[in-house]
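Biologist: Please show me the model, and then let me ask how each description of it is justified.

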Amino acid sequence: MDLNSIGFFVFGAVAVLASLGVIGQRNPMHSVMLLIVSFGALAGLYILLDAPFSAVTQIIIYAGAIMVLFLFVVMLLNAHTEADSVPAILGPRGMQIGALLSILLAGEIVWGLSRLGLTWFGNDPATIANISSVSRIGLAIFTTHAFAFEVTSILILVSMVGAVVIARRGH
Amino acid sequence: MLLLIPLLPLAGFLINTLLGRRLPKTVSGGVACLAMIGAFAVSVMASLGASASATHAIQQTVFRWIPSGDFQIPFALRVDPLSTLMILVVTGIGSLIHIYSTAYMHEETDSEYARYFSYLNLFAAFMLILVLGANFPVMFVGWEGVGLCSYLLIGFWFKKKSAGDAGKKAFIVNRVGDFGFILGMLLIFVTFGSLDFQEVASRVAGVAVEHSMGTITIATLLLFLGATGKSAQIPLYVWLPDAMEGPTPVSALIHAATMVTAGVYMIGRNAVLFQHAPMTLAVVAGIGTATALMAGTIGLVQNDIKRVLAYSTVSQLGYMFLAMGVGAYAAGIFHLYTHAFFKALLFLGSGAVIHALAGEQDMRNMGGLRQALPITFWTFLAGTVAIAGIPPLAGFFSKDEILFNAYSKGHELLWAIGVLTALLTATYMFRLLFLTFFGERRHEAPAAPAHPEEEEPAAQHGAHRAPSTAHDAPAHGALGTAHDALSTAHDALSTAHDALSTAHGAPSTAHGSHLHDAPPAMAFALVVLAIGSVFAGFVGIPAAMGGSNRIEHFLEPSFEAHATAVGEFGPAVETQAAAPNEGAPGAHGEGSEDHDTEWMLMGVSVGAAAAGIVIAFYFWYRNRGAADRMARTLSPIYTLLLNKYYVDELYDATIVHPIENGSTVALWRGVDVGLIDGAVNGVGALVRGTSSGLRRLQTGSIRTYAASLFAGAVLILGWYLLR
Amino acid sequence: MISLNHYLVLSGVLFAIGTAGVFLRRNLITILLSIEIMLNAVNLTFVAVGRYLGTVDGQVITFFVMTVAAAEAAVGLALVIALFRHRETLSPDAFTLLKW
């Protein structure tokens, strides 16, 4: 068992458990915290995959910005506990079916993937260096995928404006 | 030129239909009569032209009607000796009846008057097309057309339910016959490849006579089915007595002289064809004789004057079919011709009586009219003697011809039944005469009702509803004496009424309480027809009596096949397929023993007629009470006859009601409401149900939507993984 | 040794967990969090396959996905705030105007 494998299993387990906690927790605050943990685990996985840039941006953007935003909203709305005043449309029966479906989905994915043969990662250092180089990523973003980059910028602008408009008090 | 013959009445129809209600009665009546008289004139010219030609025929193709590959049906008209006789009868007697109608229908309103004459002209046009047609389809056009006009005219006073019903009955029963006619026509086309009469005759002439049930027999039987419908024989005669709901001139024209003879004409037209199917001919003769006898017995006890005449018509038509069935085609047509005269005369005469009595039709309420209606009486007497078959009037010659042919061709049973029927004919006709014109007056003074359509029906109702109870007969005698007392009182009343009605003016005088003889128009027709009834028979004096039987020779070429194709006519070829009428003088006058047989047969038939007259004289002139007593003692038979052997009820129970019930229960409720409506409504219900089920998916809860999305994604993924 | 398949399985499991959260939770915010889980699972897939294929495209795509996720989270939370103002509740079952 080398470092790679240990790291994978550890980080993987953390990610899965944290995610389960996210969807299982009653308190939204706890859910947000656990999700941050999950993101951290994922960042670790990225590092194992020789993608340091992705790991870092994951922490900065996801854990640092998006989750903070979530925290703001949770605290703003004072949504500490689950609102139980409205009766659920999906009864306990629905819950069971939903759980079943999710397990089914997972099972399908696993089973489908098991049909494929095992595919190993290449260990060519030149390739690894290529992948993990930030300058390469930068080049790719700004030259090959320049269009997507510009469109994404506009998308952010639009969402910003949209968020402001929707959340405005009064009309 | 031949086209003019049906075209003139057709033009009259159009004028009266389109402009009738704005024309005064004299104009609409005049137009109709002129159309008929014009058609008569053209018919005479055409007949002269035809007899002058070498082939005794003129043919005219009016237009190409159905060109369909090899199947070519031109609209062709043809005048040959047979159709000559028919068109002269139709137009001649038709004209007289039109003239009669101008007076008879005078109380109708202008538009009703015009409607009547338009229908009458239309009928004449169709009848002429029927007899002039040179092929089956053209004849069928006329066949259907006269059926339609019969319906229109029987139901002329359609506001009265029984008239409408009678019209419908006539049309529907005829339809059954027409079905047979169409099938026969198609079978002939399939067998012989042509529908032209001459063509078919020449093609069938080359075929052997069919002594078993073959194609020709079946085709001719189907055609005969059509004839039984149109000419009121068993089993489709039931419409004719009910058809008396129509105005009396209609009964005279359609149901005595012309339309009902269409069946006889059709057989005569296809003589060669029928000659090749002896089985059919046997059926024809059998049914004709049976019908003649049956109708004769029913006519003996009926109380409505028009019904007696209707059953008499059925009976005489039976004679004609008997003649056709034994192969004596010329004799049958001869009887058709004489019958047209005296039957039309009898109907018109009865119309004059009804008109004078302001709608009374029940003979038990008539009597003693001899002095009051002299012209009517004397012409009626001529007609009665003619139909009874007393020489030298017309009926004798034609009837005797038929009976002689029946006997000499070996059908002695048919001959015997024919003689019995002749006795019955004389009996019931003279009964009618005695009850109507002799004895004491039994009618009440009529109380000036407003419209003739209410009078004739009212009396009809009285006679109609009366049967079925045997107390009719005994009441007869008692009623007589009661009526006697009443009539003296009524006489006093009627003079008072007279004074009143003349003061009141036009409507009531026409059918006021005074008895007046036929007005001039009606009298003219009656007199002409009476002259015809007396003298018309002289064209057929048989050889045995020294005559030359001219009519038979005249009609001969029509009953033979010509060996050439359509459109050309060679000389009349006497092939072995020629219909063997005994026209050749040899067969008739060979040896004196034939003449002796004929004299003997003549004597028998005259004797039978005389016996009938004597019976009628005894029972209804001398000793009325005896008739009533006999009716009482034989009351089961009397009731049976009075109810026309319950045939109508039989048809009702076996055919009409099952169809009605079947249609209501099975077809209407089952198929229409259940199946079809159910299917249509079911589709709607299905859609409604499905959508009301489906709309429950719209819960408004996004979680449910997400869940369904998820479920779908899982399923699709699974599907792809499994493939 | 760890193969690509391991990463893909992990990613699939995380994705299933995310979807389960989307329709099992009755809190709008938690639903949005579950969506984030799903997006992350997808990101993991991209990076893993990119590593396998030896290109940077995988990471580039994750970069964009993250951006879009941020935008979507912003708008989503704005919506949640707006909804909360109306009904004072964060339960998705309270908003059923689209019902039949």
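Biologist: What do the buried residues of helix 7 of chain B pack against?

Modeller: This is a predicted model, in which local features need pLDDT of at least 70, side-chain atom pairs count only at pLDDT 80 or more, and totals for chains, interfaces and linings use all residues. Residues are numbered from 1 along each chain as its sequence is written, while chains are lettered from A and ligands numbered from 1 in the order in which they are written. The buried residues of helix 7 of chain B pack against helix 6 (161-192), helix 8 (215-230), helix 11 (262-269) and helix 12 (271-275) of chain B. Helices (H or I, at least four residues) and strands (E, at least two) are DSSP runs, numbered from the N terminus.

Biologist: Why is helix 7 of chain B called largely enclosed?

Modeller: A residue is buried if 20 or more other C-beta atoms lie within 10 Å of its own, exposed if 12 or fewer, and partly exposed in between, with C-beta atoms placed from the backbone. Eight of the nine residues of helix 7 (residues 197-205) meet the buried condition, so the helix is largely enclosed by the rest of the structure; among them are Phe197(B), Val200(B) and Val204(B).

Biologist: How many residues of chain C are in contact with chain A?

Modeller: Taking contact as C-beta atoms, placed from the backbone, within 7 Å, 63 residues of chain C are in contact with 73 residues of chain A. The largest share of that side of chain C, 22 residues, comes from its helix 3.

Biologist: How many residues of chain B are in contact with chain C?

Modeller: By that cut-off, 10 residues of chain B are in contact with 10 residues of chain C.

How values were computed. Contact = placed C-beta atoms within 7 Å.
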